[in-house]
Amino acid sequence: SSGINAEYGIYNKLKELGHEMVCGPTVTELLEKLGLPETLYGMVSTAQGWLCDAIYGSGLEKRDVAQPLAVQGYFDTLIEIYYKLKELGHDIVCGQTVSELIELLGLPETLDGIVETARGWICNSILS
């Protein structure tokens, strides 16, 4: 789970920088700012998405209290689903559609984006 730890570390670094510093620049600019290699583009992009899109695109009120909780809740759910999918195994997960996986795990359809991300991690061997 070193990939998850790295993702979480990047997420925390970006969270410390704050919304203005994270959501304004491009991913490439963030990589430079954090002194990270280009190979982490995907992880930084994902973390930036959690901090910017996930909060501001979800209709949640833009309150300081709601933001970290919303992102933390999203992250916890993503990790939980990732491990559930990992238990099912690569062949099963990657042979099913996101909708089939949601049904298989008994999850609400509203989690399709999170299931899709977790499935992508497994099927694209992003985290192994």
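Helices (H or I, at least four residues) and strands (E, at least two) are taken here as DSSP runs, numbered from the N terminus. With that convention in place, E116 is found in helix 9, a good starting point for a walk through this predicted model. Residue numbers start from 1 along each chain as its sequence is written, and side-chain values use heavy atoms, with hydrogens and water left out. Because this is a predicted model, local features need pLDDT of at least 70 and side-chain atom pairs count only at pLDDT 80 or more, while totals for chains, interfaces and linings use all residues.

The protein chain holds 9 helices and 0 strands, and its pattern along the sequence reads α-α-α-α-α-α-α-α-α. Of its 128 residues, 34% are buried (buried means under 20% relative accessible area, exposed over 50%, and partly exposed in between, with a 1.4 Å probe and protein chains only). The chain exposes about 7200 Å², of which carbon and sulfur atoms supply 52%; accessible areas come from the Shrake-Rupley method with a 1.4 Å probe, and for residues only the protein chains shown count as cover. Among contacts (heavy atoms within 4.5 Å) with a separation of 6 or more, 58% are between residues 24 or more positions apart.

Turning to the surface, E116 belongs to a patch of negative charge that also gathers E100, E103, E109 and D112. Patches are made of residues with over 30% relative accessible area and no salt bridge, with like charges joined within 9 Å and nonpolar side chains (Val, Leu, Ile, Met, Phe, Trp, Tyr) within 5 Å. Lys and Arg count as positive and Asp and Glu as negative, whereas His and the chain ends are not counted; the place of a charge is taken as NZ of Lys, CZ of Arg, CG of Asp or CD of Glu. Helix 8 (98-105) and helix 9 (112-123) each contribute at least two residues to the negative patch.

Helix 9 is also home to R119, which is classed as partly exposed because its relative accessibility is 21%. Setting aside residues up to four places away in sequence, R119 touches L85, V93, C94, Q96, V98 and L101. One of these partners, L85, is 34 residues from R119 in sequence, yet the two C-alpha atoms are 7.1 Å apart in space.

The salt bridge count comes to 1, the rule being a side-chain nitrogen of Lys or Arg within 4 Å of a carboxyl oxygen of Asp or Glu. The pair is K84 and E80, whose closest N and O atoms are 3.7 Å apart. Both residues lie in helix 6 (residues 66-88), with 4 residues, about one turn of the helix, between their positions. K84 counts as partly exposed because its relative accessibility is 32%, and E80 is likewise partly exposed, at 47% relative accessible area.

Elsewhere, L17 sits in helix 1 (residues 2-17) and is partly exposed at 28% relative accessibility. Beyond its neighbours within four places in sequence, L17 is in contact with V22, L30, K33 and L34. The C-alpha atoms of L17 and L34 are separated by 9.8 Å, with the two positions 17 residues apart along the chain. E38, in turn, is placed in the loop between helix 3 (27-34) and helix 4 (41-51). Apart from neighbours within four places in sequence, E38 is in contact with T28 and L31. The C-alpha atoms of E38 and V27, 11 residues apart along the chain, are 9.5 Å from each other.
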